[in-house]
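User: I would like a close look at one part of this model, with some idea of how far the rest can be read.

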Amino acid sequence: MPTVRDNSTAPPQAPAFTGRRWLFPSAVIHELDADGARTGGAGRPRRTARDWAVDFTCFLLSVALGIASIDTVTSDATLPEGLIAADQLLGALACAAVWLRRRWPTGLAVALTALGPISVTSGGAGLVALFTVAVHRPFRYLAWIGGGGLALIPFVLWLRPEPGMPYLAAVVLTVLLTVSTIGWGMFVRSKRQLMLSLRDRARRAETEARLRAEQAQRLAREAIAREMHDVLAHRLTLLSVHAGALEFRPDASREEIARAAGVIRESAHEALQDLREIIGVLRAGEPDDAGRPQPTLAALGTLAAESRAAGMKVTLVQRVSDPAAVPASVGRTAYRIAQEGLTNARKHAPGAEVTVQVSGTPGDGLTVLVANPAPDGDVPPVPGSGQGLIGLTERATLAGGRLEHGPRADGGFEVRAWLPWG
């Protein structure tokens, strides 16, 4: 079976850490980078300049502590020369093993802790390994290894006492040095974890902000699409009705043909104007306040007259106590509901009388009813998206109201909506 190669080039992902890498530990950069830090062999983070400086300092510290412990070995006259040489050799190997502390921190710490009673000169390397475990591993590893090391201190000092220092003072001093090393390592680890947690919070905040922006864009596009459907469906239905009349009435008078052509021209002009405004909103990314005014409740008369000019039988009943007091958003929603109801009636019940009734008072809300009886005869199928009533339901819900629609007992159809007012 041939292998299909994906030649698409994904856009490069910007690294999450954009600071000066050489100033920070490679382990921290590895965690902060979104795509992982630059890695060396076997997928391990590559040492930064700071790591090299810290590792070299740890190596020198291990050598210095090992050299300082040589007096403890050479001052014991009971030890043979072979054991003294072996102690120093193991100490030198332990100091050299410090360079492996980043690769195997736990294993190195266990080995050097077990080597402590055998080689006194490896004590400095053991402290460095214990510090590394405290920084890079969870506390449970540190508790076992550190606890074992602290338990061995009295035995090691009893076996190899410090020259010129009481036994108890040597034990206390060594325990304090070990505990300080562990505490310092835990402090460094806590600082790194705090930095990583703050970075994670920043990433989550950026992700949430991006998701909120995408959701806002999606809602804005849905609103534009809903507005486009409500406006253009009405205009294009008028075009379809009059074009159909010209097609099936070739014997119409010149006056009727001229009137139908005028309605077609006006509807096409209005549809183009609405489409131009919507496209302008999409390009600009924000509503155009300088465009044509949005329809309100007062424009229902014009809508009914426009539908009557298209040949529909429309009865408009307005029982609103104070039309001027209706909020613009509520009036616009009522207008869109009536417009979509007339459009659907024109499509699915041509020739039927449509009743548009608007009533309400401040405090009780505004009620919009669009109803039509069953059509006479069979109605040819009309293409449509089926999203008009869904969009009206969403529009009414966003306005704080509700919308119901469905067939009536006489075979007709009605759309009833309630909108809050006052």
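How many contacts beyond four places in sequence does the model have for residues 1–15? After that, please go through strand S3 (residues 365–372) and its partners.

Analyst: The model has 6 such contacts for residues 1–15, a contact being heavy atoms within 4.5 Å. Over that stretch pLDDT stays under 50; pLDDT is the predictor's confidence in each residue, from 0 to 100. Residues 34–42 are also below 50, with 20 contacts beyond near neighbours in sequence. The chain has a mean pLDDT of 77, and 77% of its residues reach 70 or more.

This is a predicted model, in which local features need pLDDT of at least 70 and side-chain atom pairs count only at 80 or more, while totals for chains, interfaces and linings use all residues. Residues are numbered from 1 along each chain as its sequence is written, and side-chain values use heavy atoms, leaving out hydrogens and water.

Now S3. Strands here are DSSP runs of E, at least two residues, numbered from the N terminus. In S3, 7 of the 8 residues are buried, so the strand is largely enclosed by the rest of the structure; buried means under 20% relative accessible area (1.4 Å probe, protein chains only). Strand S2 (residues 353–361) pairs with S3 in the antiparallel sense over 7 bridges, pairing requiring at least two DSSP bridges between strands. Within that pairing, Ser 359 faces Thr 367 of S3. The two strands make a hairpin with 3 residues between them, and Gly 363 in the turn has a positive phi of about 100°. S3 also runs antiparallel to strand S5 (residues 413–419), joined by 7 bridges. There, Val 368 has Ala 417 of S5 as its bridge partner.

Note on methods: Buried < 20%, exposed > 50% of the residue type's maximum accessible area, 1.4 Å probe, protein only. Helix = DSSP H or I, 4+ residues; strand = E, 2+ residues; numbered from the N terminus.
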